[in-house]
Amino acid sequence: MSSPRGPEDEDYSATVLGSHWFTGPPEPAEVTPDRVEGSVLRFGPGVTAAMPAPFPVTAGAPPRPGRGAGLRRYTLAAVVLLAVLAYLGWQRYGPALEVRDVAVTTDAAGPPCDTAADVVAVVRTNGRPGTLTYHWVRSDGTRSEQLTERVPRGQREARLHLLWTFKGAGTYSARAELRLDSPAEHTAAVEFTYRCRP
């Protein structure tokens, strides 16, 4: 059995290992903070990492819309506005009230004794708003005062009534005539007979 080499051997050399081989890495040197803000310690120059932008950032100015796009947008708005104004103007200043037809009717059998005959004039219009001005003329020589009837928008028919009261026994041939003065002159009449036997 051979003996271990001693210091007297010329090929032998001792190696001294550093302490980190046995105790691990050296402890870091203590760093003193630059400043203290409340309970937050700041180290270094105080510059934090840049936060990402909330939206993509592109280099250069944003592209400008062409002149044609803006012109088309304003043209469309102008056309819509003109259409609305034209419609409102037509509603207010469009065609006036026109009378298409006038007819006068009553019960063909005539009224019974001592009652009134209901004479009805039906005036058909174009549906525009306006006022009808008219009066009644009876065959007994009486004439009503000038009367008016307001026709609202969309109404194409107006009914005008005349109540003619008869009394006593006998027979009377009656005629009631509607004379429309405005918006245009029209005339219509109806004839009936009042019969009352005692």
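**Exercise 1.** Locate Pro183 relative to the strands around it, and describe the peptide bond that leads into it from Ser182.

*Solution.* Start with the place: Pro183 sits in the loop between strand E8 (170-182) and strand E9 (186-196). Strands (E, at least two residues) are DSSP runs, numbered from the N terminus. Next, look at the backbone: the Ser182 to Pro183 bond is cis, and its omega is near 15°. For context, most peptide bonds are trans.

Before going on, note that this is a predicted model, in which local features need pLDDT of at least 70 and side-chain atom pairs count only at pLDDT 80 or more, while totals for chains, interfaces and linings use all residues. Residues are numbered from 1 along each chain as its sequence is written, and side-chain values use heavy atoms, with hydrogens and water left out.

**Exercise 2.** Find Asp114 and state the sign of its phi.

*Solution.* Go to the loop between strand E3 (99-105) and strand E4 (116-125), where Asp114 is found. Its phi is near 55°, a positive value in a residue other than glycine. Asp114 has a relative accessible area of 48%, so it is partly exposed (buried is under 20%, exposed over 50%, partly exposed in between; 1.4 Å probe, protein chains only).

**Exercise 3.** Which cysteines does the disulfide join, and what is its handedness?

*Solution.* The structure holds 1 disulfide (a pair of cysteine sulfur atoms within 2.5 Å). Cys113 is joined to Cys196, with S to S 1.9 Å. The link is right-handed, with 115° about the S-S bond. Cys113 lies in the loop between E3 and E4 and Cys196 in strand E9, 83 residues apart, so the pair links distant parts of the chain. Finally, check burial: Cys113 is partly exposed at 33%, whereas Cys196 is buried at 8%.

Technical notes:
Helices (H or I, at least four residues) and strands (E, at least two) are DSSP runs, numbered from the N terminus.
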